[in-house]
Amino acid sequence: MWFLRRMLRIPWTAKKTNERVLKKANKRRSLVRTIRKCQATFLGHVMRRGKLEHLVTSGKFERKRSRGRQREKIIYGLATWLGPGKVSDILAAVKDRDLWRDMIANAYKQGT
C-alpha cells in the first residue's frame, strides 16, 4: 500500500485507511482473488483425477482428529468464494470442466 500512498502524495501521518487509498486510486485488492483462483483450478484438477488426493481434499480420509481448532478445508473456503451453494453442488460441478471454468471466471470477476 505504501507505493499507492507515495504516488498519491498521501503522508504517513494522514489518518487514511487502506480502503480509502484504494478507492482514491481506483484499485482493488487482487492477491486473495488470485490465490483463490489457483486453489480452485488445482481442486478441479485433483477432483477429476479421483485418486488419493481426491479423498484427502474431500475430507473422506478417516483418521484420528488432532487437538485444537480444526483447519479449514480448501473446499469449504472455495464454497464461500464461489457463491451460494453446497459442497455437493461444487463437487458435481467439478466433473464438468467447462462449467467449472465458468464458475471460477465469474467468481474471479466479481472479486472477494
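Is F3 buried, partly exposed or exposed? The answer is given in point 3, after an outline of the predicted model as a whole.

1. Overall architecture. This is a predicted model of a protein of 112 residues. The protein contains seven helices and zero strands. Read from the N terminus, the order of elements is therefore simply α-α-α-α-α-α-α. A quarter of the chain, given as 25% of the residues, counts as buried. Among contacts between residues at least 6 apart in sequence, 48% join residues that are at least 24 apart.

2. Confidence. The mean pLDDT of the protein is 81, and 87% of the residues reach a score of at least 70. Confidence is not uniform along the chain: helix α2, residues 18-25, has the highest mean, at 90, whereas helix α4, residues 52-58, has the lowest, at 63. A reader should keep these two values in view when looking at either helix.

3. The aromatic pair at W2 and F3. The count of aromatic pairs comes to one. The ring centres of W2 and F3 are 6.1 Å apart and the ring planes stand at 90°, so the arrangement is edge-to-face; the cut-off for that term is an angle over 60 degrees. The opening question can now be settled: F3 is partly exposed, because its relative accessible area is 43%, and that class lies between the limits of 20% and 50%. W2 has a relative accessibility of 65% and therefore counts as exposed.

4. Positive phi angles in two loops. R9 is found in the loop between α1 (2-7) and α2. Its phi is positive, about 55°, although R9 is not a glycine. With 76% relative accessibility, R9 counts as exposed. N26 is placed in the loop between α2 and α3. The phi of N26 is likewise positive, near 60°, and N26 is also a residue other than glycine. N26 counts as exposed, because its relative accessibility is 69%.

5. Helices α3 and α7. In general, two packed helices are described by the angle between their axes and the distance between those axes. The axes of α3 (residues 31-49) and α7 (residues 97-110) come within 10 Å and cross at roughly 170°. This angle makes α3 roughly antiparallel to α7, because the term applies to angles over 145 degrees. On the α3 side the contact is made by R33, T34, K37, A40, T41, L43, G44 and R48; on the α7 side it is made by R97, W100, I104, Y108 and K109. Sorted by class, the contact of α3 with α7 has five nonpolar, three polar and five charged residues.

6. Helices α3 and α6. What angle do the axes of α3 and α6 make where they cross? They cross at roughly 80° and come within 9 Å. Helix α3 is therefore roughly perpendicular to α6, since angles of 65 to 115 degrees count as such. G44, M47 and R48 of α3 meet L91, V94 and K95 of α6. By class, this contact of α3 with α6 has three nonpolar, one polar and two charged residues. G44 and R48 of α3 thus appear in the contact with α6 and also in the contact with α7.

7. The buried residue A93. A93 belongs to helix α6, residues 87-95. Its relative accessibility is 5%, so A93 counts as buried; the limit for that class is under 20%. Leaving aside residues up to four places away in sequence, A93 touches L99, W100 and M103. W100 is also one of the α7 residues in the contact with α3. A93 and G44 are 49 residues apart in sequence, while their C-alpha atoms are 9.0 Å apart in space.

8. G83 and its partner in space. G83 is located in the loop between α5 (74-82) and α6. Its relative accessible area is 23%, so G83 is partly exposed. Along the chain, G83 and A107 are 24 residues apart, and their C-alpha atoms are separated by 7.5 Å.

Methods:
Residues are numbered from 1 along each chain as its sequence is written. This is a predicted model: local features need pLDDT of at least 70, side-chain atom pairs count only at pLDDT 80 or more; totals for chains, interfaces and linings use all residues. Side-chain values use heavy atoms; hydrogens and water are left out. Axes are lines fitted to C-alpha atoms, for helices over the stretch in contact, and angles run from 0 to 180 degrees between N-to-C directions. Helices (H or I, at least four residues) and strands (E, at least two) are DSSP runs, numbered from the N terminus. Angles under 35 degrees count as roughly parallel, over 145 as roughly antiparallel, 65 to 115 as roughly perpendicular and the rest as oblique. Contact means heavy atoms within 4.5 Å. Ala, Val, Leu, Ile, Met, Phe, Trp, Tyr, Cys and Pro count as nonpolar, Asp, Glu, Lys and Arg as charged, and the others, Gly among them, as polar. pLDDT is the predictor's confidence in each residue, from 0 to 100. Buried means under 20% relative accessible area, exposed over 50%, partly exposed in between (1.4 Å probe, protein chains only). Rings of Phe, Tyr and Trp (its six-membered ring) pair if their centres lie within 6.5 Å; planes under 30 degrees apart count as stacked, over 60 as edge-to-face and the rest as tilted.
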